[in-house]
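Here are my notes after a first pass through the coordinates. I've kept them in numbered points so you can check each one against the model.

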Amino acid sequence: MISSKGFAAKKPKAPIEPFSFERRDPLPNDVVIAIEFCGICHSDLHQVNEDWFPGIFPMVPGHEIVGRVSSVGAGVKNFKVGDLAGVGTMVDSCRACESCKMGLEQYCEVGTVLTYNARDKKGQPTYGGYSNNIVVDEAFVLKIPANLDLAAVAPLLCAGITTYSPLRHWKVGKHSKVGIVGLGGLGHMGLKFAHAFGSHVVQFTTSPKKKEDALRLGANEVVLSNDANAMQTHTASFDLILDTVSADHDLNVYINLLKRDAVHVLVGAPDRPAQVSAFPLLMKRRSLAGSGVGGMRETQEMLDFCSKHNIVSDIEIVPTTKIDEAYKRLLANDVKYRFVVDIARAAK
Ligand code: NAP
Ligand code: ZN
Ligand code: ZN
C-alpha cells in the first residue's frame, strides 16, 4: 500500500484536520501523482456538511487536482514519471455502457466512481485531492498544459469543465446572448468561456462589489439580480442562461428572460428543490436543463482550449492549515474566485 498524508473531515460538518491513510498499490494501468495543488469547490463544502446525502467519513475532499507523475504501472501508455497530470471529479466508470462509450463517463449508466466520498469497484472508499498523492487509472488522468500557471489550472478540472461542457453542448457562439448567474468559482469560468466563444455575455450577480471584476473577466453587461427593472429589460432575449448558484433562489425570474426555445441550464446544486411555474416554460417552449461536469475527452479538449487561449482561474492560494477558514469565506461569498490549497508546500 502507498501511505498518504491528507486532510479530512472526520465526521459531518467537522473541521478539516490532518489524516493519514493508505491508497492501493499501483495496478498495471495506474498512475501515481504527487499532488501539488487542489482547488476548493463548493461541492466539497456541500459534501462535508451532508447537504445532499449522507457522506463517507473520514472524508478527504478535493476534485480539482494537479501535480506530477511520481510512478506508473507497467501497462501505462500515456504518462511517464515527471509529467504534469490532473484528476477531476471522477476516477472510474463501467467503461462499457452507452454513455461511457460516447466519452460521457460522468453519466455512466452503471455508476461513475467519484474522486472522493464514493466507493471504488472493490468497495473501498475513495479519497480526494487534499492529500499528498493519488493513485488513478490513466484513463481518468488528464494531460496538463505546461504553458499555464499550475495552481490556476487546478480549478479547470471541475469549475472549468462544468461550465465549458454545457456551453459547448448547446452550441454557444458568436451569435448567442448568454447569461451567467452567480460570480463564484463556476460562474467566473463560465463567463471566461462564453466570452472566449464570442458570445454577448450578461453576468447576473447578487454582489454589487463584483461588478468591476465581471467586466474585467469578459462580461458585456452586469445585472444585479435584485434590480427588477434591470432584469425586465432583458425579457425574452437570452439563448442560454447558465445558473451556477449554490443556494436556494428563484428560477422563474430567469426563465422569463429566455427567448423562445432557449434553455436555462442548472449546474449549481442547491440542497433544496426549486419551485418552477409551468407558464414561463410552456408559453415559449423554453427548457429547464441540468449538466454535470464533463467527460474525459471533453475535459482534455477544454484544457487544450485553455492552453491555446491562455485561460486559467482567478485564484487565491491557501495553506493546508487554512482550509476551514476558506470554507467559511466560501460560504460567506468572500472568494475571488477560487481557493486553491497549496499541497506541495505542506508536503515539504
Ligand atoms: P461558489 O464559488 O460559492 O459560487 C456560487 C455563487 O452563487 C456565489 O459566488 C454567488 O454569486 C452566488 N450565490 C451564493 N449564494 C446565493 C444566494 N443565496 N442567492 C443567489 N446567489 C447566490 O460555488 P461554486 O464552487 O462555483 O459552485 C456552485 C455550485 O455548483 C455548487 O452548488 C456546487 O456544488 C455546484 N457544482 C456543480 C457541478 C456540476 O457538475 N453540475 C460541478 C461543480 C460544482 P454572486 O455573488 O455573484 O451572486
Ligand atoms: Zn467541483
Ligand atoms: Zn458506464
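**Notes on the model**

1. Let's begin with a backbone oddity, K13, which sits in the loop between β1 (2–9) and β2 (16–23). Keep in mind that this is a predicted model. K13 isn't a glycine, yet its phi is positive, at about 65°. Is its side of the loop buried or exposed? K13 counts as exposed, because its relative accessible area of 60% is over the 50% cut-off.

2. E50 is another one to look at: phi is near 55°, again positive in a residue other than glycine. You'll find E50 in the loop between α1 and β4. With a relative accessibility of 30%, E50 is partly exposed.

3. There are cis peptide bonds to check as well. The bond from F57 to P58 is cis, with omega near -5°, and P58 belongs to the loop between α1 and β4. The bond from K336 to Y337 is also cis, this time with omega near -15°. Y337 falls in the loop between α11 (323–331) and β17 (338–342). I'd give both a look on screen.

4. Now the zinc ion written as ligand 3. Which residues coordinate the zinc ion (ligand 3)? The SG atoms of C94, C97, C100 and C108 do, at 2.3 to 2.4 Å. Along the chain, these donors follow the spacing C-x2-C-x2-C-x7-C. The angles among the four donor atoms run from 103 to 121°, and the site is tetrahedral. For reference, the ideal angle for four tetrahedral donors is 109.5 degrees.

5. Two of those cysteines fall into separate accessibility classes. C97 is buried because its relative accessible area is 11%, under the 20% cut-off. C94, at 22%, is partly exposed.

6. The zinc ion written as ligand 2 has C41 (SG), H63 (NE2) and C158 (SG) as its protein donors, lying 2.0 to 2.2 Å from the metal. The spacing of the donor residues in sequence is C-x21-H-x94-C. The C41 and C158 pair links distant parts of the chain, 117 residues apart: C41 is in the loop between β3 (30–40) and α1, while C158 is in the loop between α3 (150–153) and α4 (159–169). Both C41 and C158 are buried.

7. On to ligand 1, which has 29 residues around it; the closest are T205, T206, S207, K210 and R338. By class, the shell holds 16 polar, 11 nonpolar and two charged residues.

8. What touches the oxygen atoms of ligand 1? A side-chain N or O atom of N333 is 2.8 Å from one oxygen atom of ligand 1. A polar backbone atom of V293 is also 2.8 Å from an oxygen atom of the ligand, and a backbone N or O atom of A269 lies 3.0 Å from a ligand oxygen. The protein covers 87% of the 920 Å² of accessible area that ligand 1 has on its own. The elements giving two or more residues to the shell are α1 (42–48) and α5 (185–196), and α1 gives the most, with three.

9. Finally, L242, in strand β13 (residues 238–243). L242 is buried, at 0% relative accessibility. The C-alpha atom of L242 is separated by 7.6 Å from that of V178, although the two are 64 residues apart along the chain.

Terms used. Residues are numbered from 1 along each chain as its sequence is written. Chains are lettered from A and ligands numbered from 1 in the order in which they are written. This is a predicted model: local features need pLDDT of at least 70, side-chain atom pairs count only at pLDDT 80 or more; totals for chains, interfaces and linings use all residues. Side-chain values use heavy atoms; hydrogens and water are left out. A residue is near a molecule or strand if one of its heavy atoms lies within 4 Å of it. A polar contact is a pair of N or O atoms within 3.5 Å; within protein, one must be able to donate a hydrogen and the other to accept it, and residues adjacent in sequence count only if both atoms are side-chain atoms. Accessible areas come from the Shrake-Rupley method with a 1.4 Å probe; for residues, only the protein chains shown count as cover. Helices (H or I, at least four residues) and strands (E, at least two) are DSSP runs, numbered from the N terminus. Ala, Val, Leu, Ile, Met, Phe, Trp, Tyr, Cys and Pro count as nonpolar, Asp, Glu, Lys and Arg as charged, and the others, Gly among them, as polar. Donors are N, O and S atoms within 2.8 Å of the metal (3.2 Å for Na, K and Ca); water is not among the atoms, so sites may look incomplete. Four donors count as tetrahedral if all angles lie between 85 and 135 degrees; four count as square planar and six as octahedral if opposite donors are over 155 degrees apart and all others between 65 and 115; anything else is irregular. Buried means under 20% relative accessible area, exposed over 50%, partly exposed in between (1.4 Å probe, protein chains only).
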